[in-house]
Structures are given as C-alpha cells and as structure tokens.
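Subject: Handover of a structure

Dear colleague,

I am passing on the structure below, followed by notes on its helices, a sheet and its pockets. Please read the notes with the coordinates open beside them.

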Amino acid sequence: MTHETAARALHAALAGGAPLQTLPSGSVPGTLEAAYGIQDRLIALDGRAILGWKLALSTAGAQAANGLDAPTVGPLLSGMIAPTGTAFAANTFRQPEIEPEFALVLAADPGADPDADAVRAATGAVRLAMEIADTRYVTKTVYGQPGIIADLNCGAGLVLGGEVPPDAVREARIQVSLGDGTRVAGFAPENRPDPFAATAFLCRFLAGRGCRLGAGDVITTGTCAPPTRTPPGAVRCDFGMYGAVDVTIAG
C-alpha cells in the first residue's frame, strides 16, 4: 500500500498535476529498495513503453558524496527521447537541469553479468546526448536519493546528437550554454563516467530484478558536467570537435 500511495501521488504530478510539496503520510521511501518499488509501480501506472534507461551518480566521487556505492537508475519512457534541434513547448519541464552525457545505443543484449568490454562489443553506437532532468516535487531533494529514485530518478528528457567514436568520452572538450547564456565547464576527462562500465552495472542491476537489455535500448550513462538548472531559451551541450546537442526551451 505504501508503494501504491506514493506512486499514485507521483503519477498525478507526472501526468500534469501540481508538483508535490510532500508525499502522503506513511508513503515516504526510507530505503533504496522501497524507492525502486515505488518507481516500478509508477512505471506501471504510467503505462508507456520503456525505451532505455538513465544512470546517475555514475562515478565513485559522485556516489561517495551522496553516501552510495553504486549508480542510481531510472527509465527512459516513450516520449522522453528527442533529436537535437528540438524546440520544447512551454511547461514541458518544471525545473529543467541540463547534463551533457554520452549515450549508448545497443545492438544486442550484453548479458546478465558483463564486463565493460562485453558492453562495448554489444554497443551499436555511442551518441552525444543532453539529459534534461526534472522533478515532480517542489523541492527535488526533499527526500534525498530515495525520493529522487522513486521519482523516475528525475528522468524527463533525453536529447540525442550525432554518433561519435568511444574515444570522444575522454577527448571531448565539454561546455554547456544555458538559456540565459551562462556557461558551465565540463568535468575533466578523469572525472567523467565510463559509459561501458556504467552500463555493465546496469545489466547486473536489471538482471537482479528479472530484466535484460536488448537491441535498440538507449542508455544514458551519467553527466559530464555539474547538473545545472536552466531558464528558458537556447541550450547547447558543446562537445568540441565532436559536435553539439541543441534544444530550445520555451518560456
């Protein structure tokens, strides 16, 4: 009942209702297990197909800063993935945070317990990406990481750019330009997630929940710059010589 109550409240907000100040009494997730239980129920209530998955806190430093020892996971649902150049209508997002990322498009199931090399072999393409994270709460961090996980891990939008070689993950000079022209520098290469290792973790995580990845699944593997709230306007994730991902968010 706790999972159902929280999931229904989050679903109402996801479907266009008012953001949540709090979850109903007695339904706040106190553990990661409870949080994923609510997320599972929210996915079922929403009913859209799962097109892939998003990972967050994909580096050891980010995990340590949040008291975790593994990445966090959320679904990419039908309608969440868009091409570069998309113009999003007003009110598509409430509190959009921009994250430059590298996404994998799988050509095959990497297996239930792969290493990074097996994931690389199962990858059909590495794509430039801009994640647009959002929240169904008034205050994103009101319940810490369990609350974020329950809220689809703040999944809202993923904008895909061009295909790049795997070396781009380490070689790209990354900069984010927000809607008001503010610029945010990307992380140093050594502080960026390893997309193949992160996806190997995802395979093990999903296998433990009776799920597998497959051909066509899109996996976005963690931010390469500080997640930053953007006002409306033109937003760009610039990956230097490898290209850019652009959107417009209407005011």
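Helix α1 (residues 2–14) has 13 residues, which at 1.5 Å a residue should span 18 Å, and its end C-alpha atoms are indeed 18 Å apart; the expected span is 1.5 Å times one less than the number of residues. Helices here are DSSP runs of H or I with at least four residues, strands are runs of E with at least two, and both are numbered from the N terminus.

This is a predicted model, in which local features need pLDDT of at least 70 and side-chain atom pairs count only at pLDDT 80 or more, whereas totals for chains, interfaces and linings use all residues. Residues are numbered from 1 along each chain as its sequence is written, and side-chain values use heavy atoms, with hydrogens and water left out.

In α1, the buried residues (under 20% relative accessible area with a 1.4 Å probe and protein chains only; exposed is over 50%, partly exposed in between) include Glu4, Ala7 and Leu10. Among the elements that cover the buried residues of α1 are α2 (32–46) and α5, where contact means heavy atoms within 4.5 Å. After α1 comes Gly16, with a positive phi near 115°.

Helix α2 has 15 residues and reaches 21 Å from its first C-alpha to its last, close to the 21 Å expected. Its buried residues include Tyr36, Gln39, Leu42 and Asp46, and their cover includes α1, β1, β2 (72–77), α5 and α7 (195–207). Gly47, which follows α2, also has a positive phi, near 85°.

An open sheet of five strands runs in the order β4-β13-β12-β8-β9 with mixed pairing, two strands being paired if DSSP finds at least two bridges between them. Its edge strands, β4 (87–88) and β9 (183–185), each pair on one side only. Strand β8 (residues 175–177) is joined to β9 by three bridges and runs antiparallel to it, with Ser177 of β8 bridged to Arg183 in β9.

As for pockets, the largest holds about 400 Å³ of space. Its lining has 26 residues, of which Ala56, Leu57, Glu99, Thr223 and Pro227 are the closest to its centre. A pocket is an open set of points on a 1 Å grid over the protein atoms alone, where a 1.4 Å probe fits, with protein on both sides within 12 Å along at least five of seven lines, and lining residues have an atom within 4 Å of a point. The second largest pocket has a volume of about 320 Å³, a volume being the space filled by probe spheres set on the points, which are joined across faces, edges and corners.

Best regards
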